[in-house]
Each structure stands twice: as structure tokens, then as C-alpha cells.
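Please open the structure in a viewer and keep the selection tool at hand. The tour below proceeds stop by stop, saying what to select and what is found there.

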Amino acid sequence: MTENINQHVKEKYLDLLAEKFDAEEKVATEIINLESIMELPKGTEHFVSDLHGEYHAFQHVLRNGSGNVRAKINDIFKDRLSEDEISSLAALVYYPEEKLKLIKNQFSSKEALNEWYIETIQQMIELISYASSKYTRSKVRKALPKQFVYIIEELLYKSNVYNNKTTYYETIIQKIISLGQSDKLIIGLAYTTQRLVVDHLHVVGDIYDRGPDPDKIMETLINYHSVDIQWGNHDVLWIGAYAGSKVCLANILRICARYDNLDIIEDAYGINLRPLVNLAEKYYKDNSAFHPKEHADKAISAEEKLQITKIHQAIAIIQFKLESPIIKRRPSFDMEERLILEKVDYDNNEVTIYGKTYPLENTCFETVDRNNPAQLNREEEEVINKLLLSVQESEKLKRHMNFLMKKGNLYLRYNGNLLIHGCIPVDENGKMEEMEIDGEMYNGRELLDQFEQHIRVSFANKEQTDDLSTDLIWYLWTGKYSSLFGKRAMTTFERYFIKDKASHKEEKNPYYYLREDSQMCRNMLQDFGLDPEQGRIINGHTPVKEIDGENPIKADGKMIVIDGGFSKAYQSTTGIAGYTLLYNSFGMQLVAHKHFGTKENVLLNGADELSVRRVVDEELERKKVRDTNIGAKLQEEIRMLQELMAYRYIN
């Protein structure tokens, strides 16, 4: 019976395919096209991680393709242009609108400017020709600015073997200039170059939190030509808040208050914080433990600082209260020790955690009922309900969260590699740890699949705020078997209220030291259905402390960690401003980045934030499209087209 159904479905599909390819010649042409494409070199993959709202640094890395743009300019023009001229051309490709204004102001005559236009247009056409050399004409056409496709293609593929078209090509460029289209053309060519140097972008987690502009990063990604996302713990926190988790919502508000980024909530996403402000003003005072972190480039008044401090306290206490009922109704989470508010001795102002008693300082328990510490008071309940409603009614946030769900996963198997933000939970011996979910035990890949399934269930049922799926999203933020958190417990309460820093320590999952072992990495690749000899794990989440000599390339190249500190909050401990990874047909290169200063510095001085490139591995044989995920899809299309020929056109 099943075979009959499958055959019927297959025939229906072939019938639909036949509507598009209604002649044998069309089918044959498409097969030839796809087979030929599979023999092209694989496109360049660009990996970034832990962006944490640092929009300007991310934009620069995206625009320069982690140095790929400058490398191609250098390949072509190293013997024709000076270092300053190469830097100037690179800056023009990165920021064409701004660089054009600066350059045009340098010319005293129209004739000199026109000569510059002619030279620059020719240089950029040459650059695009080089950058597009491994793509089909069809793919290049899609990358070109629509209004100039005809003109660019004529210049890009010009042929003047018999000297019949010299004035034709000269006239094209002269008319572009005389009709005032030069700037628009150069801008279009610059963005085309940016697009061509990177075929596909991987964001290995944590777009949100800490930095000021995650919404701008999301808008960039939505408009990017080819991207996927592996959710980070901070991304899942935002997904959880939108999906109905009040405790996830409290967490994102607390983090925004801590990093003085409440503008993200109010201005970027239009969420009304007035009810929370009123609650905070009523119950809380100044408290040094809750002062927001200072920004070097952002001044804050004493009045603003005090208001944020009060908000910070109010939402932190709401968060601690909201955690308790989840812990109690989900014993499989094994988090009883985190019922913190119930462990406080309010008379003696101390708390007993993990068998040790600590004095408390900087307390703000004004709304805590010592007889029922986890109970929200009436005002707190009203505030969190209003905030959740406002979050779920934000059209911009809805669009961003829908995109995260559409393009995102907990992990991705891509071109033989495993992309994962956090970890695969293991014990001290490297054995994958098990967790009970809904009466069944899961570990490794099956555990991550369960986590992802519940994220999607919760997102699809936003009206459910205390079901297992929604609770599991919060667990992913803070639970000891979470693949995103990767620690045994989150010590947020201790950091606010206990002076003894020993209580602040968060013990990492053994994964984070065992990932130095190549055999463990091979075992994990095998568990995820990948070739343990050829594949690699590409990881984010934990900043690599290069300043202390830590190597981001681990386990004999089986593990590559690319969180080097995009977030400014980490750069003093990492010593750099992030790692990115490039993977083209020749192999992988890891790129370390210096701290990104300003766009103006790039425009005026040609300064770039690239530090060093390290070759991770060089392919013994140049990889082709045939060897990639895209190649597998093309092979399936070819198979169906061959079946269509047999089904419809061959007697």
C-alpha cells in the first residue's frame, strides 16, 4: 500500500516537473547545466559567531569578507597600485557611498574627476571579473545591480579580438559619466563585489545581548543573499520570550538593564517599559550591585543611571521568582539547588547554597514574601503580563524571531562539518550525558533534536506559557545538560548578592576541556552522521583567550573555536575582537581581528581590523560543488530530471 502511495506521489511530482520542462530538449539542457555546475569550485563559506549586538564591527567584517576583498584586490593590482591605492580601493568597496564623497572632494577639476571615474570603473569591473570567475553567468547576473545589468555584462564579458568594438566600449563608459550615473554604478559594483567574495554566511550563534544593535544585525541578515544561523543561548532566550516564557523575558530585560541597552527594548522593538519603571520607582533604591555597565562611547546621566539601577533590581527579583515554579514542576531538570529565594534566611541576611552558608550584601528583597518567596505580588504579575503582551505584539520582533526560526537550528551539518554554538554535553570520561525529557532518556544528537523540536513546538503555541516545551527553552539557557549553556549551574544570584567570588564560579561541562582531544571530536562527528576523518566541529560560545596563549584550533584541527570576542565586554580578556573563518575550495583559513575602531578610520586612513590569517588545512584536492550540500541537492535534481526523460520522452 505504501509503495503505491509513494509511486503516486512520485508521478504527481514528475507531472508538475513536466509542466516546467515541456520538451525533451529543455530537460537535456537543464541536466547539462546542472552537471556542469557541479564541476565548478565550491563557493566561499564565511563563518562568524557571538556577534552580541556589535553591528558596526559585524558590518565591517561582512563588507570586507574577513579580508577576502582586499586579498583579491591585492592579487590583481599588487604590481600596478601602491599600498595606499590598494587601501583606498578596498575602502571604496567596503563603504562606497562615504568613500566617494571623500574622493570627489579631492578633485579640483571635472576632467580629473572623470579620469578617476574611468580608471575606477575599469578597476572594479576587473575585480568583479576575478571574484566571479568560479560562478556561472546566471549567478553573477543575479548579483549585479538590476539597473545596470546590461551595461556591466557588456563590460564584464567584453571581447575586442578583431578591434571592432573599441569605440563601443569607450562610449559606454563615457556616457555613464556624462549622464551622471558614475556614482550609482560604482556603488552597485562595490556591493556586487561584497556579495561575490562570499557565497554563503554561517552565523554560529549569539546575535543578541550585551551590544547595542542586535536588531540592525537581524535586518542585515534578513537582506543577506545566503545565510544560516545556529542558535546561541542568547538567541534562544529571545525566542523563548517571544514564544511565551515569562522567565526568558525577565532575563532579556535584566541583561539589557545590566548592559545599559534598554533602548533595544523600547526604541528598536517598541515595547512599553513604563509599567516596569513604575514598579521599580515604587520599591527600589540605589544599589551598587545593580549599576549598569559603563560604555566608553556612551555617556549616562546620574538620573538615568539611578533609574536603570532600580529597573535592574525589579526585573532581577521577578526573574528569581519566576524560576522557582518551573524547577518545582520539572524534577527532571534536577535544579532544586537553584530554588535560591527559598534558601535565604531573611532574619540573618544569609543564604545556604550547596551546603555552604554565605552572608548577603546589596539585597533588594522589598517585594519578597518570606513565607512564600516565589510568589509574585499583584503588581509584579501585572507588569510581567503586560510586558509579555507587548513583546508578542511587536511587529518588528515578530519578523526577526520568525527569521531566526526559519533560518536557524541548534546545529547544522554542512559540507561535512558540524556547526554548533555551545557544546554536546559529556561526562568526565567523554561519554555523552543523558537527560530525561517527557519520560524518555536522550543524549548526543538525539538530545539536541529533542531540544530543537520543543523550541519549535513552543514557538508555534505562544499562548502556552508554562508547558514543557516553553520550560525547556528556559532550561536551554541555564540547565546543566543544556547544549547551549554548557555549565553545571548559572550563578546570577550569587554574583549580585554574595561577596565571596568562589560562589560565582560556574563549572563548565567537561566538553570544554575534552574538546582538545581529537578522538572525542571524531566520536561526536560520527554521532552526527559525519565523516570523522574529513569533518570538523566549528564552535562558538566561549571566548578564546588568545591573550593567554589559547589556540582556537584544537584537537589537531578537528575543532575550531571562532568566538574570539566580537563583544566589547570580552575584549579585555581575549586580547582580540573576534575570530572568523573562511572555507573556500582550497581549504580553511582562520582570521583573527583587531578591535574595530571606526568606519571613519577605514575611510581616511585605510586602516583595517584584520590581524593574522592562519591556514587551518589545505585541501589535497580542490573541492568542487559536487562535494557540497548544494551538490547533493543538484544531484537529486538531476536524478529526477533523468527520470522525467524516461517517464515522458523516451519510448
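Two strands are said to pair if DSSP finds at least two bridges between them. With that term in place, the tour can begin; the model on display is a predicted one.

**Stop 1: a sheet of three strands**

Select strand 4 (344-345) and strand 6 (356-359), and add strand 5 (residues 350-353). Together they form an open sheet in the order 4-5-6, with antiparallel pairing. Strands 4 and 6 stand at the edges, and each has a single partner strand, so one side of each is left without a neighbour in the sheet. Now look at the contact of strand 4 with strand 5: two bridges join these antiparallel strands. Which residue stands opposite E350 of strand 5? Selecting D345 gives the reply, for D345 faces E350 there.

**Stop 2: the second largest pocket**

Next, select K139, D199, S226, I630 and L634. This selection leads to the second largest pocket, which holds about 980 Å³ of space. Of the 38 residues that line the pocket, these five are the closest to its centre.

To see where the lining comes from, colour the following elements, each of which supplies at least two residues to it:

- helix 2 (24-37), helix 8 (137-143) and helix 11 (182-197)
- strand 3 (227-230) and strand 8 (411-414)
- helix 19 (395-407) and helix 27 (629-649)

Which helix supplies the largest share of this lining? Helix 27 does, with five residues. By class, the lining of the second largest pocket consists of 13 nonpolar, twelve polar and 13 charged residues.

**Stop 3: a salt bridge among the pocket residues**

Remain at the pocket and keep K139 and D199 selected. These two residues form a salt bridge, in which the closest N and O atoms are 2.5 Å apart. D199 lies in the loop between helix 11 and strand 2 (200-203), whereas K139 belongs to helix 8, so the salt bridge ties together parts that are 60 residues apart in sequence. Is D199 buried or exposed? D199 counts as buried, because its relative accessibility is 14% and the limit for that class is under 20%. K139, by contrast, is partly exposed, with a relative accessible area of 36%.

**Stop 4: further salt bridges**

The model has 33 salt bridges in total. Select K599 and E98 for another of them, where the closest N and O atoms are 2.9 Å apart. K599 is in helix 26 (residues 599-605) and E98 is in helix 6 (residues 96-104); the pair links distant parts of the chain, 501 residues apart. Both partners count as partly exposed, K599 with a relative accessible area of 28% and E98 with 27% relative accessibility.

Then select K282 and E379, whose closest N and O atoms are 2.6 Å apart in a salt bridge. Here helix 16 (residues 274-283) contributes K282 and helix 18 (residues 378-392) contributes E379, and 97 residues separate the two along the chain. K282 is exposed, with a relative accessible area of 54%, whereas E379 is buried, with 19%.

Finally at this stop, select E35, E39, K624 and R626. These four residues are linked in a network of salt bridges.

**Stop 5: the largest cavity**

The count of cavities of 30 Å³ or more comes to two. For the largest of them, select Q319, F320, E323, M335, R338, I340, W474, T478, M490, T492 and F493, which form its lining. Helix 17 (302-329), helix 21 (468-478) and helix 22 (492-497) each give two or more residues to this lining. Helix 17 gives the most, with three residues. The space in the largest cavity is about 80 Å³. Its lining has six nonpolar, three polar and two charged residues.

**Stop 6: the cysteines**

A disulfide is a covalent bond between the sulfur atoms of two cysteines. How many disulfides does the model contain? The count is zero. Select C364 together with C256: C364 is in no disulfide, and the sulfur of C256, the nearest cysteine sulfur to it, is 18 Å away. C364 is buried, with a relative accessible area of 1%. Last, select C423 and C521. C423 is likewise in no disulfide, its nearest cysteine sulfur being that of C521, 12 Å away. C423 counts as buried, at 0% relative accessibility.

Definitions and conventions:
Residues numbered from 1 in each chain as written. Predicted model: local features only at pLDDT ≥ 70, side-chain atom pairs only at ≥ 80, totals over all residues. Heavy atoms only, no water. 1 Å grid on protein atoms, 1.4 Å probe; cavity = no way out; pocket = protein on both sides within 12 Å on 5 of 7 lines; lining within 4 Å. Points joined across faces, edges and corners; volume = space filled by probe spheres on them. Helix = DSSP H or I, 4+ residues; strand = E, 2+ residues; numbered from the N terminus. Nonpolar A, V, L, I, M, F, W, Y, C, P; charged D, E, K, R; others polar. Salt bridge = Lys/Arg side-chain N within 4 Å of Asp/Glu carboxyl O. Buried < 20%, exposed > 50% of the residue type's maximum accessible area, 1.4 Å probe, protein only. Disulfide = S-S within 2.5 Å.
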